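Please open the model in your viewer and follow the selections below in order. Each stop states what to select and what is to be found there.

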Amino acid sequence: PAAAAKESKMEALRDLVTRLMPKLADRVLQFHDDHAEEIVVARGSSHNHQAWIGGYQDHIVQCLTLAEEHYPPLDSYPLVRMPFKLSQAALVLYFHDIEKIFKYGMKTEKYHPKQISDKNIWYYGIIPEKYDIHFSDDELNALEYVHGEHDYVGTERKMWPLAAFCHCVDVMSARIFHDIKVLRF
């Protein structure tokens, strides 16, 4: 039963990537397949949210599912269109906690310590070079501020709309659904 549940979650994640990022799905899934062994066992955090083995994958599935559910009504709000695509939000949400794959994936010896601690090595180097996934300025801003405006100054807006949407989705998963192991979305 545990192996079947793990496989079911992996298939749910693959399906979400394929549906939400059709133009990049093959490249994102190549990254995914290259790191699947770590992804299925990584914790979502050390203790705050989805902190169980496999919790990282649960968190990403939740984030992608929440984005898929909440984007359309916001995009069709009267007189307003979202200034980014759902596929961009999905890309950011898929990669936003990338360091947790390596930090909590139980195979840390495979990676240089900088690869475990510095997301920018992945966002600006490994992912574009190895997987041909190039993040736009909006996506890079969202990857930087998905966890909030940590260096907030009242006179400057650092978090752009894509970052704000991804932040909301991440907070819903990490603070509302933080202890849900069985996904019922």
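Select helix 4 and helix 10 and display their side chains. On the helix 4 side of the contact are His-59, Gln-62, Cys-63, Leu-66, Ala-67, His-70, Tyr-71 and Leu-74, and they meet Phe-165, Val-169, Asp-170, Met-172, Ser-173 and Ala-174 of helix 10. By character, the residues of this contact comprise nine nonpolar, four polar and one charged. The model is a predicted one, and side-chain atom pairs count only at pLDDT 80 or more.

Keep the two helices selected and turn to their axes. The axes of helix 4 and helix 10 come within 9 Å and cross at roughly 130°. Angles from 115 to 145 degrees fall outside the parallel, antiparallel and perpendicular classes, and helix 4 and helix 10 are therefore oblique to each other. The crossing of helix 4 and helix 10 is right-handed.

Next, retain helix 10 and add helix 9. What is the angle at which helix 9 and helix 10 pack? The angle is about 40°, and the axes lie 8 Å apart. Helix 9 and helix 10 are therefore also oblique to each other, and their crossing is right-handed. From helix 9, Asp-138, Glu-139, Asn-141, Ala-142 and Tyr-145 meet Leu-162, Ala-163 and His-167 in helix 10. The residues of this contact divide into four nonpolar, two polar and two charged.

Now select helix 9 alone and colour its buried residues. These are Glu-139, Leu-140, Asn-141, Ala-142, Leu-143 and Tyr-145. Which helices do the buried residues of helix 9 pack against? They pack against helix 5, helix 8 and helix 10.

The next stop is the interior. In soluble globular proteins, nonpolar side chains tend to be buried together. Here the largest nonpolar core has 53 residues, and those with the most contacts inside it are Val-17, Phe-31, Leu-64, Tyr-94, Phe-95, Ile-98 and Phe-135. At least two residues of this core come from each of helix 1 (2-20), helix 2 (25-34), helix 4 (55-75), helix 5 (86-95), helix 6 (98-103), helix 8 (119-131), helix 9 (137-145) and helix 10 (161-176).

Centre the view on Val-17. Apart from its neighbours within four places in sequence, Val-17 is in contact with Pro-22, Ala-25, Val-28, Leu-29, Leu-64 and Tyr-94.

Then move to the loop between helix 3 and helix 4, and select Gln-50. Most residues other than glycine have a negative phi. Gln-50, although not a glycine, has a positive phi of about 40°. Is Gln-50 buried or exposed? With a relative accessible area of 0%, Gln-50 is buried.

In the loop between helix 3 (36-39) and helix 4, select Ile-53 as well. Ile-53 counts as partly exposed, at 49% relative accessibility. For a distance across the model, add Val-146: Ile-53 and Val-146 are 93 residues apart in sequence and 23 Å apart in space, C-alpha to C-alpha.

Finish with Asp-132, in the loop between helix 8 and helix 9. Phi of Asp-132 is near 55°, which is a positive value in a residue other than glycine. Asp-132 is partly exposed, with a relative accessible area of 41%.

Key:
Residues numbered from 1 in each chain as written. Predicted model: local features only at pLDDT ≥ 70, side-chain atom pairs only at ≥ 80, totals over all residues. Heavy atoms only, no water. Core = buried A, V, L, I, M, F, W, Y, C linked by side-chain atoms within 4.5 Å. Buried < 20%, exposed > 50% of the residue type's maximum accessible area, 1.4 Å probe, protein only. Helix = DSSP H or I, 4+ residues; strand = E, 2+ residues; numbered from the N terminus. Contact = heavy atoms within 4.5 Å. Axes fitted to C-alpha atoms, helices over the stretch in contact; angles between N-to-C directions. Parallel < 35°, antiparallel > 145°, perpendicular 65-115°, else oblique. Left-handed = near helix turned anticlockwise from the far one by under 90°. Nonpolar A, V, L, I, M, F, W, Y, C, P; charged D, E, K, R; others polar.
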